[in-house]
Amino acid sequence: SFDPTLDPRDPRFQGTLAGITAPRFTISVGGDRLAVVTDSQVHVVETATNAIRGMIPVPAGTRDAAAVPGTAKLAVAHAAGITIVDLDTSTAVTADVGPVDRVTVGPGGDGALVAYGLVARVAPPDLPPPMGACDGSSSLVRVAIDSAAASAPIELGEAVSDLAAAPDGGLVFATLPCAGQVARLASDIDIAGVTLEKVSDLERASAL
């Protein structure tokens with residue numbers, strides 16, 4: 001941890017969060033709390049004191065996590081699916097949709113918050129095509145934040161390395177490592193047949 005209100009020469013400027021082993025992701029939740037995700041737990045840390053205020057178990061094999069805008073919740077992607085974690089109530093509800101590699105959260109078409117999970121992520125090639133081989137096809141799952149109800153997987157028809165949902169407007173974007181593009185999901189993602197519309201070129205697109 002770093003305290004920018006102090007002079008960098010002050011010994012209190014830099015600190016360490018005690019009691020957390022092998023952290024994987026750190027997500028800010030509302031600014032006053034951190035959710036530190038390990039392989040099978042979410043540690044709730046109070047940012048004012050760097051003290052752990054709770055631990056919430058989640059299924060093992062965590063792969064990604066994202067805060068839920070305007071709430072004290074986060075979505076955790078793991079080997080079994082997506083878990084919606086509520087820091088206020090210290091509860092976790094899992095949608096068992098199979099392995100999910102990346103997760104992002106934003107409003108759906110009806111305005112309700114949704115966790116969008118990327119299945120079968122394709123990493124960008126080490127070298128630009130055609131020198132670097134790149135192929136594969138990814139799919140998308142949707143999990144309602146309020147109920148943890150999940151949709152059936154939706155084939156994207158492209159190799160995708162990451163997803164990002166806009167905090168408003170119901171837009172979802174994807175990085176396409178093989179095509180070297182950033183794209184927008186262009187149709188109703190509640191149904192099959194989603195198409196991807198190019199937004200910009202980005203060679204070996206990796207993360208959003």
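Reader: Hi! Can we start with Arg204: how exposed is it?

Author: Sure. Arg204 has a relative accessible area of 29%, so it is partly exposed. Keep in mind that this is a predicted model.

Reader: Thanks. Which residue does Arg204 form a salt bridge with?

Author: That would be Glu203, with the closest N and O atoms 4.0 Å apart. Glu203 counts as exposed, because its relative accessibility is 54%.

Reader: Why would those two side chains pair up at all?

Author: In general, side chains carrying opposite charge can pair when their charged atoms come close.

Reader: Makes sense. How many salt bridges are there?

Author: The count is nine. Another of them is between the side chains of Lys198 and Asp201, at 2.8 Å from N to O.

Reader: And those two, are they buried or exposed?

Author: Lys198 is partly exposed, since its relative accessible area is 47%. Asp201 reaches 55%, so it counts as exposed; the cut-off for that is over 50%.

Reader: Nice. What about Arg33, which residue is its salt-bridge partner?

Author: Arg33 forms one with Asp88, and the closest N and O atoms are 3.0 Å apart. This pair links distant parts of the chain, as the two residues are 55 apart. Arg33 sits in strand β2 (residues 33-37), while Asp88 is in the loop between β7 (81-86) and β8.

Reader: Is Asp88 buried or exposed there?

Author: Asp88 is exposed, because its relative accessible area is 54%.

Reader: You mentioned β7 and β8. What sheet are they in?

Author: They belong to an open sheet of four strands, in the order β5-β6-β7-β8, with antiparallel pairing. The edge strands are β5 (64-67) and β8 (91-95), each of which pairs on one side only. On average, neighbouring strands of this sheet are turned by 20° against each other, ignoring direction.

Reader: How many bridges join β5 to β6?

Author: Four, and the two strands run antiparallel, with β6 covering residues 73-78. As one example, Ala65 has Val76 in β6 as its bridge partner.

Reader: Great, switching topic: where is Gly157?

Author: Gly157 lies in the loop between β12 (154-155) and β13 (162-165). With a relative accessibility of 59%, it counts as exposed.

Reader: What does Gly157 touch, leaving out residues up to four places away in sequence?

Author: Ser137 and Ser138.

Reader: And how far is Gly157 from Val194 in space?

Author: Their C-alpha atoms are 8.3 Å apart, with 37 residues separating Gly157 and Val194 in sequence.

How values were computed:
Residues are numbered from 1 along each chain as its sequence is written. This is a predicted model: local features need pLDDT of at least 70, side-chain atom pairs count only at pLDDT 80 or more; totals for chains, interfaces and linings use all residues. Side-chain values use heavy atoms; hydrogens and water are left out. Buried means under 20% relative accessible area, exposed over 50%, partly exposed in between (1.4 Å probe, protein chains only). Contact means heavy atoms within 4.5 Å. Two strands pair if DSSP finds at least two bridges between them. Axes are lines fitted to C-alpha atoms, for helices over the stretch in contact, and angles run from 0 to 180 degrees between N-to-C directions.
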